[in-house]
Amino acid sequence: MTQRKKWTAYRINKDFVRNNKKRELAKLAAFLLTDGGLSRDKRTYVIYFTNKSEVLHEVFESLIRDLVPQANMRSSMYKGVKRTYFNSLELAELLFELSDSYRTAPCESYPVCAKIRDKPEMIPCIKCNQIRGYPNATYPEISDLELLEEILQIIADTEGGPVLFIHRYPKYISIRRRIEIGCSHPILKKQIKQMLEKLAIPSKIAKDTIRIEGKGIRIFRDKIGFRKNVKMSTGNFEGYNKNSVLEIMIITNELITKKKFFPSKVDNLNAMLMKAVELFDNTFSRERVVEFLVNGG
Ligand SMILES: [Zn+2]
């Protein structure tokens, strides 16, 4: 097959996709602005997604199938993490109508922005419309609340997770909880906060993360949550479902408020929380998990 043929093999009708696949394009943009990207490859673009979660790769692939049915998708390991990728110039052109760039790191950080690679005279990058060193990148404007929930779930699944840790004070122990979404890009970070606001989820920006705490955690669970079987990729709870950790955060908070659970009376609080998450992962009912926490096993 000649190169030319390879590119034309999966032509898409841009007008049709632009007008009829707005939701899918917006969701794809969310994947690319988090753990994915677009990079120039000769006369076409490579569109890729890199993440440890098999479930998320399946979602990404089905989204691509919907937009470019004939896409020749491939996968490889990139620094020990699975990457799914394919080429499409036309889809890339449509995506650039939504965001000037899909690069979420500063132009000068590794790997250096392609536009200034080997051109030190162009540093700081004058090719990208930069904001504090970052190329201009934006999430699509979304008014449909249901779509907004889906977009935020993609962002939370890829860049976010529940954070549950034990804080020891001299006289007592407390459990700290929050949901954190990592993002260093100045525009995207603000947009995530605004999108959460539209769903009445309070959050605050702390350096390179967006934090949801207190009452916001429950609203997040009810309106967004994490996709089923998306797992924690780091930390104490690595390998467990993000939703299980989220639920244990909510349950422990409820029980402490109702004075049914006293963290400082538990010998090994860490092990107990871990066990509670594990029970949840193994599809034990919420009642069983509550019982376990209240009765200490
Ligand atoms: Zn640049």
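This passage walks through the predicted fold from the overall layout to the two sheets, the core and the contact between the domains.

The model is a prediction, in which local features need pLDDT of at least 70 and side-chain atom pairs count only at pLDDT 80 or more, while totals for chains, interfaces and linings use all residues. Residues are numbered from 1 along each chain as its sequence is written.

Along its principal axes, the C-alpha trace spans about 70 × 40 × 40 Å. The secondary structure comes to 11 helices and 10 strands, where helices (H or I, at least four residues) and strands (E, at least two) are DSSP runs numbered from the N terminus. Of the 297 residues, 35% count as buried; a residue is buried if 20 or more other C-beta atoms, placed from the backbone, lie within 10 Å of its own, exposed if 12 or fewer do, and partly exposed in between. Contacts (C-beta atoms, placed from the backbone, within 7 Å) reach well along the chain: among those with a separation of 6 or more, 63% join residues 24 or more positions apart. The domain assignment gives domain 1 (3–104 + 129–135) and domain 2 (145–295), with bounds that come from an automatic or database assignment.

Now to the sheets. One open sheet has 4 strands in the order β1-β2-β4-β3, with antiparallel pairing; strands pair if DSSP finds at least two bridges between them. β1 (36–41) and β3 (74–78) stand at the edges with a single partner strand each, so one side of each is left without a neighbour in the sheet. From one strand to the next, the twist averages 30 degrees. Axes here are lines fitted to C-alpha atoms, for helices over the stretch in contact, and angles run from 0 to 180 degrees between N-to-C directions.

Within this sheet, β1 and β2 run antiparallel and are joined by 6 bridges. The two strands form a hairpin with 2 residues between them, and Lys 42 in the turn has a positive phi of about 50 degrees. Asp 41 has Thr 44 of β2 as its bridge partner. Thr 44 counts as partly exposed because it has 17 C-beta neighbours inside 10 Å. Leu 89 is 45 residues from Thr 44 in sequence, yet the two C-alpha atoms are 4.6 Å apart in space.

On its other pairing, β2 (residues 44–50) meets β4 (residues 81–87) in the antiparallel sense over 5 bridges, and Ile 47 stands opposite Phe 86 in β4. Helix α4 (residues 54–67) packs on the sheet, touching β2 and β4, and its direction makes about 5 degrees with that of β4. Helix α5 (residues 89–98) packs on the sheet too, but touches β1 and β2, with its direction at about 75 degrees to that of β2.

Another open sheet takes the order β7-β8-β10-β9, again 4 strands with antiparallel pairing. Its edge strands, β7 (160–168) and β9 (204–206), each pair on one side only. Neighbouring strands are turned by 40 degrees against each other on average, direction ignored. β9 and β10 (residues 209–212) pair over 3 bridges in the antiparallel sense, with Arg 211 in β10 as the bridge partner of Lys 204. Helix α9 (residues 242–257) lies across β7 and β8 (173–182), running at about 45 degrees to β7.

That leaves the core. The largest nonpolar core has 64 residues, of which Ala 29, Ala 30, Leu 32, Leu 95 and Ile 151 touch the most other members; such a core is a set of buried Ala, Val, Leu, Ile, Met, Phe, Trp, Tyr and Cys residues joined through C-beta atoms within 7 Å. Helix α3 (residues 22–33) gives the largest share, 8 residues. Both domain 1 and domain 2 supply at least three residues each. Leaving aside neighbours within four places in sequence, Leu 32 is in contact with Gly 37, Leu 38, Ile 47, Leu 95 and Tyr 102.

As for how the domains meet, their C-alpha centres lie 30 Å apart, and 17 residues of domain 1 are in contact with 17 residues of domain 2. On the domain 1 side, α3 and α4 are the elements that give two or more residues, with the largest share, 6 residues, coming from α3. By class, that side has 8 nonpolar, 4 polar and 5 charged residues; here Ala, Val, Leu, Ile, Met, Phe, Trp, Tyr, Cys and Pro count as nonpolar, Asp, Glu, Lys and Arg as charged, and the others, Gly among them, as polar.

Methods. Two residues are in contact if their C-beta atoms, placed from the backbone, lie within 7 Å.
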